[in-house]
Amino acid sequence: MFIVLLGAPGSGKGTVGEIIAKDLKLAHISTGDLFRENLKNKTELGKKAQEYMDNGELVPDEITIGMLSDRLKSDDVINGAVLDGFPRTKAQAISLDEMLNKIDAKVDMALNIDVPFDEIVERIANRRSCMGCNEIYNIVFNPPKIEGICDKCGAQLYQREDQKPEVVQNRLEVYSRTAEELIEYYKKANTLITKKAGDKVGKTSYDVAREVEELVNNK
Ligand code: AMP
């Protein structure tokens, strides 16, 4: 089974993705994490992606699609995957369908997590990431037990360059420009599910994950 997570940066895609991937025994593939790994390891791909990422712009499709295509060939994708942050353009969505078609699979569900932008801006400002294992914390709602230290692996937490306010604004603008065509794409394919979440509707990422799992298990 392949599940695609749509939703703005900061909508909780990472948390939802991690939970459902673990519970449904699917690989969790985050293109943002893959790019950050490449940056950290100073690979050629990382060097090509850096400038786009630092500015909150999308990395060009040919780089991103190639990277995802390689990742889909890993052994852990045997049962399928939760794709977090891919596709972000219609061209990526079309390529994904083609890649999955080759392995007799398809996108079974496109989950759009809909959180109001004002809540998202605040969430991202409070967000800290682990240098070691990429775990994400919210310093107000989900702080680590020891300030600045990851509960899971003990590494230091930091604020990503692209979580700083100026870049966040640009990431949200980029998202707004491209979201509609993806939502339309998956609506037409009859795989789109939209879940409103956030403080105002009283629904957390954990609630969304539980609802998705129920949907999958009752199919
Ligand atoms: P994320 O952690 O998913 O918000 O991704 C961080 C950054 O990685 C984005 O702002 C983009 O620069 C880049 N990125 C991640 N996924 C994609 C994608 N599917 N297409 C293009 N760029 C991406």
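User: How much space lies in the largest pocket?
Analyst: About 860 Å³. A pocket here is an open set of points on a 1 Å grid over the protein atoms alone, where a 1.4 Å probe fits, with protein on both sides within 12 Å along at least five of seven lines. The volume is the space filled by probe spheres set on the points, which are joined across faces, edges and corners.
User: Which residues are closest to its centre?
Analyst: Lys13, Gly32, Gly85, Arg88 and Arg171, out of 47 that line the pocket; lining residues have an atom within 4 Å of a point. This is a predicted model, where local features need pLDDT of at least 70 and side-chain atom pairs 80 or more, while totals for chains, interfaces and linings use all residues. Residues are numbered from 1 along each chain as its sequence is written, and side-chain values use heavy atoms, without hydrogens and water.
User: Which element gives the most to that lining?
Analyst: Helix 7, with six residues. Helices (H or I, at least four residues) and strands (E, at least two) are DSSP runs, numbered from the N terminus.
User: What about the second largest pocket, what volume does it have?
Analyst: About 710 Å³. Its lining has 25 residues, with Thr15, Asn138, Asn142, Ser205 and Tyr206 nearest the centre.
User: And which element supplies the most there?
Analyst: Helix 1, with four residues.
User: How does that lining divide by residue type?
Analyst: Five nonpolar, ten polar and ten charged. Ala, Val, Leu, Ile, Met, Phe, Trp, Tyr, Cys and Pro count as nonpolar, Asp, Glu, Lys and Arg as charged, and the others, including Gly, as polar.
User: And for the largest pocket?
Analyst: The lining there has 18 nonpolar, 17 polar and twelve charged residues.
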